[in-house]
Amino acid sequence: MSLSDLKPMELYIEDIPYGKLIDYLMASAYLPVFKREKIDGKSFLDGGVYNNLPANLLIDKGYKDLIIIRTRSFGIIKKIDFTGLNVLIISPKEDLGGILEFDKETARYNLTLGYYDGLKALRRLKGSKYYIKEDEKEEFFIHYLLNLEKKKVKKLKEIFDISEEVPDKRALFEFIIPRLSAILNLGASSSYEEIFLYLLENLAESYKIDRFKIYTYGELMEKVREKVKTEAVMEGEENVIEKIVKKVFMKSEILKEAGKVIFG
């Protein structure tokens, strides 16, 4: 954005004078609050104040396959017609911090997050917080739930205050799973895999299991099982059960306790 000419500048590399590439790259990131060096006597400003997603430059060049990386920073987003194009958008699901935040730990975290979010998009990994290979079909999750041990279903009934008179399978599929889906804010059309995955991720996050690794479902479940077993040993089996059968839970506690029963 040229402040001197009061107009945006959309330049390709061939439009930049020889030897000035670094100057123009720096100028494209100048912010109003910082000192700005002039180029050939002219002042410039970060192009995001005009267009923070200049994919039109690639489209105008005839490119059909686009990988667009978003950071959700400040700036104006121009409407783009992606009709007929093959577009992959990589975008963070969490706040990356302010543009004036220069903490090195935050920067390192964001770099790692960006790397794994890129892998998720390119390799079609599953997960909201974690990164999981798509290696199981819907039948796996139904089979897993159908084959829960009777003592686990009994504990789930206690958590959700369901009468022991209700048959296990009916309790599981008519009461427990729909309630878990509601707590997880998933719609009625959610698949068993989605419910399974959200619950598994919630429990993994509560145990602070490392996010930045590509897991299979089995690997992440095993990590969770190890944590559940360790907690049971430290607190004593009776204390864990006592916690589970309490009648009043916060939502996060319901998810954690139900997850411990299902995956533990």
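1. How many nonpolar, polar and charged residues does the lining of the second largest pocket have? Sorted by class, eight are nonpolar, seven are polar and five are charged. Keep in mind that this is a predicted model.

2. Stay with the second largest pocket. Its volume is about 370 Å³. The lining is made up of 20 residues. Nearest the centre of this pocket lie T71, S73, L96, G97 and I99. Helix α3, residues 104–123, gives the largest share of the lining, namely three residues.

3. Now the overall layout. The protein chain has 10 helices and four strands. Follow the sequence and the pattern reads α-α-β-β-α-β-α-α-α-α-β-α-α-α. Try tracing that order on the structure above.

4. Next, burial and surface. The protein chain has 264 residues, and 36% of them count as buried. Its accessible surface is about 16600 Å². Carbon and sulfur atoms hold 55% of that surface.

5. How are contacts spread along the sequence? Take the contacts in the protein chain with a separation of 6 or more. Of these, 55% are between residues 24 or more positions apart.

6. The largest nonpolar core deserves a careful look. It holds 39 residues. Among these, L156, F160 and F263 touch the most other members. Six helices should be checked here: α4 (138–146), α5 (150–159), α6, α7, α8 (217–235) and α10 each supply at least two residues of this core. Helix α7 gives the most, with seven residues.

7. Which residues does L156 contact, once its neighbours within four places in sequence are left aside? The list is L148, L172, I176, A258, V261 and I262. Colour these six on the structure, with L156 in the middle of your view.

8. I159 sits in helix α5. Is I159 buried or exposed? The cut-off for buried is under 20% relative accessible area. I159 has 6%, so it is buried. Now find A258, which also appears on the contact list of L156. I159 and A258 are 99 residues apart along the chain, yet their C-alpha atoms are separated by 7.3 Å.

9. Turn to the cavities. Searching the whole structure for cavities of 30 Å³ or more finds one. About 60 Å³ of space lies inside the largest cavity. Its lining consists of L145, L172, I177, L180, I195, F196, L199, I262 and F263. Three helices each supply at least two of the lining residues: α6 (168–183), α7 (192–206) and α10 (251–263).

10. What classes of residue line the largest cavity? The count is nine nonpolar, no polar and no charged residues. Some names here should look familiar. F263 lines the cavity, and F263 is also one of the core residues that touch the most other members. L172 and I262 line the cavity too, and both are in contact with L156.

11. Last, a residue in a loop. S190 is found between α6 and α7. Its relative accessibility is 18%, so S190 counts as buried. Which residues does S190 touch, not counting those up to four places away in sequence? They are S181 and I195. I195 is also part of the lining of the largest cavity.

Definitions and conventions. Residues numbered from 1 in each chain as written. Predicted model: local features only at pLDDT ≥ 70, side-chain atom pairs only at ≥ 80, totals over all residues. Heavy atoms only, no water. 1 Å grid on protein atoms, 1.4 Å probe; cavity = no way out; pocket = protein on both sides within 12 Å on 5 of 7 lines; lining within 4 Å. Points joined across faces, edges and corners; volume = space filled by probe spheres on them. Nonpolar A, V, L, I, M, F, W, Y, C, P; charged D, E, K, R; others polar. Core = buried A, V, L, I, M, F, W, Y, C linked by side-chain atoms within 4.5 Å. Buried < 20%, exposed > 50% of the residue type's maximum accessible area, 1.4 Å probe, protein only. Contact = heavy atoms within 4.5 Å. Areas by Shrake-Rupley, 256 points an atom, 1.4 Å probe, with all protein chains shown as cover.
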